[in-house]
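Trainee: Could you show me how to read the surroundings of a ligand, and after that the packing of a protein interior?

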Amino acid sequence: MSSKKPTSKKEPPQTVKGMHDVIGSEYYALEGFLEKASEIAMYYGFQPIETPVLEKEELFRSGIGEGTDIVDKEMFAFRTKGGDHVVMRPEGTASVIRAYIEHGMQSWPQPVMLYYKGPFFRHETPQRGRFRQFTQFGLEILGTPKSIADAHVIHASAVIAHEAGLQNIIFEVNSIGDKECRPRYVRELANYYKRNAGDICSDCKRRLKENPLRLLDCKNEKCQGVKENAPQAVTTLCDACRKHFKEVLEYLEALNIPFRLNNNLVRGLDYYTRTVFEMVENPDDAESEESDTGEKEAKSPPAGKTGKQAGNSEEKSPRWLALGGGGRYDYLARQLGYRKEVPAVGASYGAERWFLSKDFERMNPRIVKQPKIYFIQLGFDAKLKSLGIIEILRKAKVPITQSLAKDSLGSQLAQAEKQNIPYAIIFGQKEAIDDTVIVRDMNTRSQDTVAVKELAKYLKGMK
Ligand code: AMP
């Protein structure tokens, strides 16, 4: 046997940087939010899907695209013992479309409407509202090119935000065209940046060569002037894209969803076509980090009622915080190697971002059980029978709390009082022999002795 003593210098284990435990009220708030969002999605006909946390690296390389920050810098990627290159999923859309193809959902009635929720992983610099593990809720409508699907995703998102208390949101919207008109726009953009190459950061010089559309994702101060005057995608839209975008905006107006145009919005992923959007919030005096879309929001006017009212001011406002976003991704299936196009649109939202909002209203999940009874067991004979009695309580739908560590009546009653539990059940040696329990009202201090076989009935009367 080794006589080595454990070294006292060893630090106790801690969570990995940018990741955190979710405990107590934070846990309930997260569950409550996800449950509410799921419920709303279900009412609208979205079905749940859960995809694995690990996916093949290729899925995101082909889907999100080389030259994007997520693929180039932020993926937790590694090789399995079997030699597969895998990634801890950085986002949900590529997985959902993989699942759509893999499970032959194209033969289901179209469109297929799915929602998902769960942890996502990006190797970013942790800061307020930005973690390496975070929770997203997402909606996807697959199998239709119709503009009403874009509007439906945005509308469902707005309703979820509203139900979560977020009153001060607005959707930034843009159209980045399709394969007909986008190449012309990308050429114009690249030519413009080439002319201004002296005024851009080294990352943008690389983007210019590899993936010019990503130039508009740049958040570097140096590039903001160039970016602001860059050509706008909406001016080069083909007729079909212009019509689609116009319809989306008409839906938003008809639904009274606050929105404004943001010509610099391209979103940091390659798979988008036509509509792109972000839900942002004016943080007012709340401190906030920079929005995902960069500086354009910082110049945007405060949220108005509709796009018309909101979109014409030069007024400066505080930085806008991106709560999530999405867009149409008609070519993603083809990009992933599927033989047919699957026109689709979706959005995802970061729960931790929503929690930062001063307006966010915490909701409890449905299965939170506030203990109604503090169960006190005294002595070994009582302890032997106690789990059976606790089961009677569970079947009678009475949630309890207890102390498995404390032995004295006084200290357990004190705990019950401290935790504001309305009733205590006292189960000692005598009660164990008699097959009874004592039910104590913690407010009045009155006590009843109840036979165990009558307990369920007695508890019903108490409710
Ligand atoms: P994206 O897929 O980059 O558009 O992200 C969608 C939303 O997920 C963002 O707007 C945030 O609400 C959330 N999100 C993305 N990355 C992070 C992160 N590192 N930490 C927390 N939330 C994030």
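Mentor: Begin with a cut-off: a polar contact is a pair of N or O atoms within 3.5 Å. Keep in mind, too, that this is a predicted model.

Trainee: Which backbone and side-chain atoms lie 3.1 Å or 2.6 Å from an oxygen atom of the ligand?

Mentor: A polar backbone atom of G350 is 3.1 Å from a ligand oxygen, and a backbone N or O atom of L323 also lies 3.1 Å from an oxygen atom of the ligand. In the side chain of R267, an N or O atom is 2.6 Å from a ligand oxygen. The protein covers 95% of the 480 Å² of accessible area that the ligand has on its own.

Trainee: How many residues surround the ligand, and which element supplies the largest share of them?

Mentor: The ligand is surrounded by 15 residues, the closest being R122, E124, F131, Q136 and R267; by character they divide into four nonpolar, five polar and six charged. The largest share, three residues, comes from β10, while β6, β10 and β11 each supply at least two.

Trainee: And which residues have the most contacts inside the largest nonpolar core?

Mentor: As a general idea, nonpolar side chains in soluble globular proteins tend to be buried together. Here the largest nonpolar core has 50 residues, and L142 and Y193 have the most contacts inside it. Among the elements that each supply at least two residues of this core are β5, β6, α6 and α7. Leaving aside neighbours within four places in sequence, Y193 is in contact with I200, L208, L215, L216, V226, K227 and A230. A second, separate core of 44 residues includes L34, F46, A156 and W354.

Definitions and conventions:
Residues numbered from 1 in each chain as written. Predicted model: local features only at pLDDT ≥ 70, side-chain atom pairs only at ≥ 80, totals over all residues. Heavy atoms only, no water. Core = buried A, V, L, I, M, F, W, Y, C linked by side-chain atoms within 4.5 Å. Buried < 20%, exposed > 50% of the residue type's maximum accessible area, 1.4 Å probe, protein only. Helix = DSSP H or I, 4+ residues; strand = E, 2+ residues; numbered from the N terminus. Contact = heavy atoms within 4.5 Å. Near = heavy atom within 4 Å. Polar contact = N/O pair within 3.5 Å; in protein donor to acceptor, adjacent residues only side chain to side chain. Areas by Shrake-Rupley, 256 points an atom, 1.4 Å probe, with all protein chains shown as cover. Nonpolar A, V, L, I, M, F, W, Y, C, P; charged D, E, K, R; others polar.
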